[in-house]
Amino acid sequence: MSIRFVVLGGGPAGHQAATLAARLGAEVTVVERDIVGGAAHLWDCIPSKTMIATGAAISFARRIEGMGLSQVTDPSVHVDALAARVEGIKDHLHDDIVGLLHSQGVRILTGAGRFTGPHSIQVDGPDGSTDIEFDAALVSTGSRPRIPDWCQP
């Protein structure tokens, strides 16, 4: 008999815990409200870093003559192409994480989870409500920034 393990939150910590637990033989379910891989990671960090890398490439291209190379064109941002690049990277990372979880036998439920007892959780998602019994749970729902009162605009 395996341990029934529920991970509430499919961000970086949640999906890594789920993968490890599955490898150790647990029956694992990940509950994610937004996006497996992490909302902050895939909606904030990755797009920001992708755009920063594009800016660095433009800056490098504008200095290329100083490196003994010929300038072919004056680089500029093509907004639609940059947006497509950001989406492509996000989709690739998300698909890799979901694929890894599925390869380990992890069940993924989309929806908001709430504990209904010491060993039960209810997931309200697009396909209705699902009740899950578990032996162990991990709450890995991330955090929200806290802005101190003295720093309000």
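Which residues lie nearest the centre of the largest pocket? Here are my notes on this predicted model, starting with that point.

1. **The pocket and its centre.** R33, D34, A39, T141 and G142 are the residues that lie nearest the centre of the largest pocket. The full lining comes to 23 residues, and the volume of the pocket is about 530 Å³.

2. **Where the lining comes from.** Four elements each give at least two residues to the lining of the largest pocket: the helices α1 (12-23) and α2 (39-62), and the strands β2 (27-32) and β4 (112-117). Helix α2 has the largest share, with 4 residues. By residue type, the lining splits into 11 polar, 7 nonpolar and 5 charged residues.

3. **A salt bridge beside the pocket centre.** Two of the residues nearest the pocket centre, R33 and D34, also form a salt bridge, with their closest N and O atoms 3.2 Å apart. You may like to check D34 by eye: its relative accessible area is 36%, so D34 counts as partly exposed.

4. **The other salt bridges.** How many salt bridges are there by this rule? The count comes to 3. Side chains of opposite charge can pair when their charged atoms come close. One of the pairs joins D135 and R4, at 3.1 Å from N to O. This pair links distant parts of the chain, since D135 is in the loop between β6 (128-133) and β7 (136-139) while R4 is in strand β1 (residues 4-8), 131 residues apart. Both partners are partly exposed: D135 has a relative accessible area of 30%, and R4 is at 32%.

5. **A pair within one helix.** K90 and E87 make a salt bridge too, with the closest N and O atoms 3.0 Å apart. Here the partners sit in helix α3, 3 residues apart, which is about one turn of the helix. Is K90 buried or exposed? K90 has 13% relative accessibility, and because the cut-off for buried is under 20%, K90 counts as buried. Its partner E87, at 38%, counts as partly exposed.

6. **L93, further along α3.** L93 is found in helix α3, which spans residues 79-103. Not counting residues up to four places away in sequence, L93 touches L42 and I46. L93 is nevertheless partly exposed, because its relative accessible area is 27%, and partly exposed begins where buried, under 20%, ends. For a sense of distance, the C-alpha atoms of L93 and G55 are separated by 22 Å, with their positions 38 residues apart along the chain.

7. **The nonpolar cores.** In soluble globular proteins, nonpolar side chains tend to be buried together. In this model, the largest nonpolar core has 13 residues, and F5, V7, A18, V28, L101 and V106 touch the most other members. The elements β1, α1, β2 and α3 each supply at least two residues of this core. Apart from it lies another core, made up of 8 residues, including V6, L8, I121 and F134.

8. **V7 as a place to look.** If you want one residue to centre the view on, I would suggest V7. Leaving aside neighbours within four places in sequence, V7 is in contact with G14, A18, V28, T29, V30, V31 and L138. Among these contacts, A18 and V28 are, like V7, listed with the core members that touch the most others.

Definitions and conventions
Residues numbered from 1 in each chain as written. Predicted model: local features only at pLDDT ≥ 70, side-chain atom pairs only at ≥ 80, totals over all residues. Heavy atoms only, no water. 1 Å grid on protein atoms, 1.4 Å probe; cavity = no way out; pocket = protein on both sides within 12 Å on 5 of 7 lines; lining within 4 Å. Points joined across faces, edges and corners; volume = space filled by probe spheres on them. Nonpolar A, V, L, I, M, F, W, Y, C, P; charged D, E, K, R; others polar. Buried < 20%, exposed > 50% of the residue type's maximum accessible area, 1.4 Å probe, protein only. Contact = heavy atoms within 4.5 Å. Salt bridge = Lys/Arg side-chain N within 4 Å of Asp/Glu carboxyl O. Core = buried A, V, L, I, M, F, W, Y, C linked by side-chain atoms within 4.5 Å.
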